[in-house]
Amino acid sequence: MIYRADYIFPIDREPIINGYVEVDKEGTILSCGSADSLDTKGRASAEYFKGILIPGFANAHCHVELSHMKGFFRQGTGMDGFIQQINALRLTVNREERIAALTEQMEQMYSAGVSVMADISNCDESFECKVSSPIYSRTYLEVFGTEPEDAPQILAGAIELQKKAKQMGLDAAPTPHSPYTMSPLLNRLSSAEGLKSGYISYHNQESDQEEDMIRYGTGELAEDYKARGCSMPPATGDSALKYFLDNLQKEIKAPIEGRVLLVHNTVTDQESIDEALKVLKSPYWVVCPLSNIFIHRMLPPLDLLRANNLTICVGTDSLSSNLQLSMVEEIRCIQGHFPHIPLEEILKWCCINGTCAVGAEKRFGSFTPGKRPGIVLIDNINWERMELTKESKSERII
Ligand SMILES: [Zn+2]
């Protein structure tokens, strides 16, 4: 089969005007290039699409098991308000309804072009759906717990869950939630355990409240923990990321191998970035712009990340902090606030970078011959500005 479009973004090379992509019956990429190079037969058989064709997206941060929380959350509450709502709303519907909600979201994501997903799970509710979904998912079995004496038991629970996931054929391993929701002991033990698999995903520097708590032991988040009688990590005077890296080095010597997804990075700075590049061999910097706006009314510092040449990925986060799980909405948000960033660059973040973060690059992420990444159409493009418009949507072709 040959598919033509006004533009093809193969991701592994420059965009092609009036391009084509050719696949076999299984969807394996055979070739890709300018439609002018097709012979008469090829041109006659090609199916034409108005818009851009790209390989399937990689959603680099999702909590699909929170899908039943759609529409429940107040916006702009900050981190402490958000956590209070999560705790209150997590179990408002039964298991069956929660599974139905996440299944619907997985199906929607697939038809909108997501081929790869880095998903955070706290329980097994998404496992069956992931097994039967055509989306490749890597599952990060997230742990948290503020009391150090609970750490061994919490981690043992995640390892049990990992066994179950593996038996079902899923790639999964324990992962730490964040600096502020866990004891230093659980933080480093779960990181080390996850890194045995080669992959962890960690909520990093999402808010000023998190930085205040880790640096100084102050702020709304710290007050909330005190009020609930929870232990807090010691105030180090350092950024939350430096605290994490120092703590992790008590278990593993730097440079630390493994693909580490640092998620959010809303309030990261040059010093934290320098520290991460010293300690981690393969950090991936995941941004979830709509989630940051939803909770904090903030955006990730994309120009700082770009100036450091970091590997940026894009995630939707969950329906507790987003109105939809849509990569196109995230791209539109990025283009709306950072109009100087070329679409080509953003699409790399959304396709190949997230794919590499979960280790699925042999099959997904680009139109490289031999891969089977899926083909996705994005329509209603403003060609002059090379921007998505309000009408743009994504749709899976194969
Ligand atoms: Zn998250």
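In this predicted model, Ala118 finds its bridge partner in β7 at Arg138. The two strands involved, β6 (residues 114-121) and β7, run parallel and are joined by six bridges. Between them the chain passes through helix α4 (residues 127-132), and this β-α-β crossover from β6 to β7 is right-handed.

On to the next neighbour: β7 is also joined to strand β8 (residues 171-176) by six bridges, again in a parallel arrangement. Here Val143 has Pro176 of β8 as its bridge partner. Helix α5 (residues 151-167) combines with β7 and β8 in a right-handed β-α-β unit. Strand β7 itself (residues 136-143) is largely enclosed by the rest of the structure, because seven of its eight residues are buried.

Ala118 also appears in the surroundings of His61, a residue of strand β5 (residues 57-62). Beyond its sequence neighbours up to four places away, His61 touches Ala118, Ile120, Ser201, His203, Val263, Val286, Cys288, Val314, Gly315, Thr316 and Asp317. One of these, His203, is linked to His61 by a side-chain polar contact of 3.2 Å. The relative accessibility of His61 is 0%, so this histidine counts as buried.

Attention turns finally to Ala5, which lies in strand β1 (residues 2-8). With a relative accessible area of 0%, Ala5 is buried. Leaving aside residues up to four places away in sequence, Ala5 touches Asn18, Gly19, Tyr48, Phe49, Gly51 and Leu53. Ala307, by contrast, lies 302 residues from Ala5 in sequence, with a C-alpha to C-alpha separation of 32 Å in space.

Conventions. Residues numbered from 1 in each chain as written. Predicted model: local features only at pLDDT ≥ 70, side-chain atom pairs only at ≥ 80, totals over all residues. Heavy atoms only, no water. Helix = DSSP H or I, 4+ residues; strand = E, 2+ residues; numbered from the N terminus. Buried < 20%, exposed > 50% of the residue type's maximum accessible area, 1.4 Å probe, protein only. Polar contact = N/O pair within 3.5 Å; in protein donor to acceptor, adjacent residues only side chain to side chain. Contact = heavy atoms within 4.5 Å. Pairing = 2+ DSSP bridges. Right-handed = clockwise from strand over helix to strand, strands pointing away.
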